[in-house]
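Biologist: Please take a close look at the largest pocket. How much space lies in it, and which residues lie nearest its centre?

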Amino acid sequence: MTSSDWANPYGVRKPYGPNGMNNGQVGRNGASALSADHPLVPWKEPDHVHQWVDVDHSQEALDHFSGSLSELGELLDSNKGYGRVVIVSGPAGMGKTTLIHRCLYEVKRRLAVDGAAVGNPLPVFVPTAGLENDGRRISVDPDGESFAPTRLINDRIRRELAKRLRTHDFPESRVKAIIDEEDPFQAYGEMSDLLVHRNALLFAVIPHIRWNDTHLRAAFLRTCLSHAHPRIVLFVEVSQGAAETAKEVAAALSGSTAVTHLALGELNSEDIWRFSRSARPGHGGPHVLVEPDRSSLMAAHDEWKPRDVRELRKVFHSAADALRCAPYPWPIDADALRPHWEPRRTGRDALLRDPIRPRPGG
């Protein structure tokens with residue numbers, strides 16, 4: 001790279017530093033450092049709000065979730081007997097974690113606007129496996145090698161929830177009782193009672209876990225549904241396999257009124273163009289922020305079919321970083337991206353490849 005990450009308009013500002021503290025990792029401009037690969041967390045990092053973009057049908061999924069918020073009153077009603085499980089499924093790397101965080105941002109926004117109509121409940125957001133939603137944090141056995149038993153995974157999730165309740169000044173004795181309760185169903189029932197007492201809503205994010213087979217995964221999803229008592233919403237990320245469909249993922253919970261399924265799909269040519277518009281405004285300098293070339297980017301899909309959103313961001317990030325050394329304004333187009341999506345070359349071909357075109361008329 002020709003310069004540091006902090007100025008790259010396609011970089012994602014990390015909402016925490018190396019020790020997990022907010023904005024703990026400080027860049028040259030006094031703000032937290034940027035990454036070429038990090039989920040967007042708009043409910044926690046305001047800088048992420050403007051970088052969210054509709055790719056792989058994420059807007060359609062978000063609209064579906066937003067529609068379910070009309071039932072917020074039912075979620076708060078302890079007499080209904082259930083909360084909600086939101087299954088977010090799709091291929092690996094397609095932005096499921098970002099979609100979940102965007103849903104949390106929508107919850108936060110909706111409660112700020114309409115909270116008074118439902119008694120201003122306190123929203124409590126709990127990423128049980130961190131903001132990057134890394135499933136290994138809760139699914140690896142203590143030896144660090146093998147897969148943890150399902151009961152241990154569920155215990156870890158419950159402890160993460162309890163730790164966050166402590167930070168919101170919930171009574172320590174009642175939080176400890178939730179941790180110590182041997183019956184998981186009873187424990188979540190007591191958690192629900194505590195949320196009612198505190199007038200709070202709990203939104204927990206459960207990461208994709210690499211289950212050994214689909215039967216184990218289905219059993220885990222049913223367990224999540226049994227834990228979704230009133231005032232508890234569990235977002236469960238599921239990375240479906242290549243041979244699976246989103247419908248098959250959610251089949252274990254089909255028919256339940258307490259389930260919302262958000263399914264992401266594959267990328268298309270329009271997605272490359274849309275993603276080009278996600279550059280953070282006001283960053284990166286004039287060479288990078290020249291208007292992207294729509295026709296060129298749409299045509300790029302004929303040559304480059306990105307596997308996932310992660311690849312999209314890395315290629316755009318790398319191309320924008322290279323363009324900052326260009327001697328004149330150059331838009332993000334297929335020619336700018338091509339050297340960064342093509343396989344790495346060696347020898348003569350690499351020396352002949354010049355990513356900077358001659359200036360037209362110059």
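Modeller: On a 1 Å grid over the protein atoms alone, a pocket is an open set of points with protein on both sides within 12 Å along at least five of seven lines, and its lining residues have an atom within 4 Å of a point. Grid points are joined across faces, edges and corners, and a volume is the space filled by probe spheres, of 1.4 Å here, set on the points. This is a predicted model, in which local features need pLDDT of at least 70 and side-chain atom pairs count only at pLDDT 80 or more, while totals for chains, interfaces and linings use all residues. Residues are numbered from 1 along each chain as its sequence is written, and side-chain values use heavy atoms, with hydrogens and water left out.

The largest pocket holds about 1,100 Å³ of space. Its lining is made up of 45 residues, and those nearest the centre are Gly93, Thr97, Glu237, Ser239 and Arg310.

Helices (H or I, at least four residues) and strands (E, at least two) are DSSP runs, numbered from the N terminus. At least two lining residues come from each of α3 (96-114), α4 (136-139), α8 (214-227), β6 (232-239) and α12 (309-323). The largest share, four residues, is that of α3.

In character, the lining of the largest pocket comprises 15 nonpolar residues, 16 polar and 14 charged. Here Ala, Val, Leu, Ile, Met, Phe, Trp, Tyr, Cys and Pro count as nonpolar, Asp, Glu, Lys and Arg as charged, and the others, Gly among them, as polar.

Glu237 also lines the second largest cavity, a cavity being a set of points where a 1.4 Å probe fits but cannot get out. About 50 Å³ of space lies in that cavity, and β6 gives the largest share of its lining, three residues.
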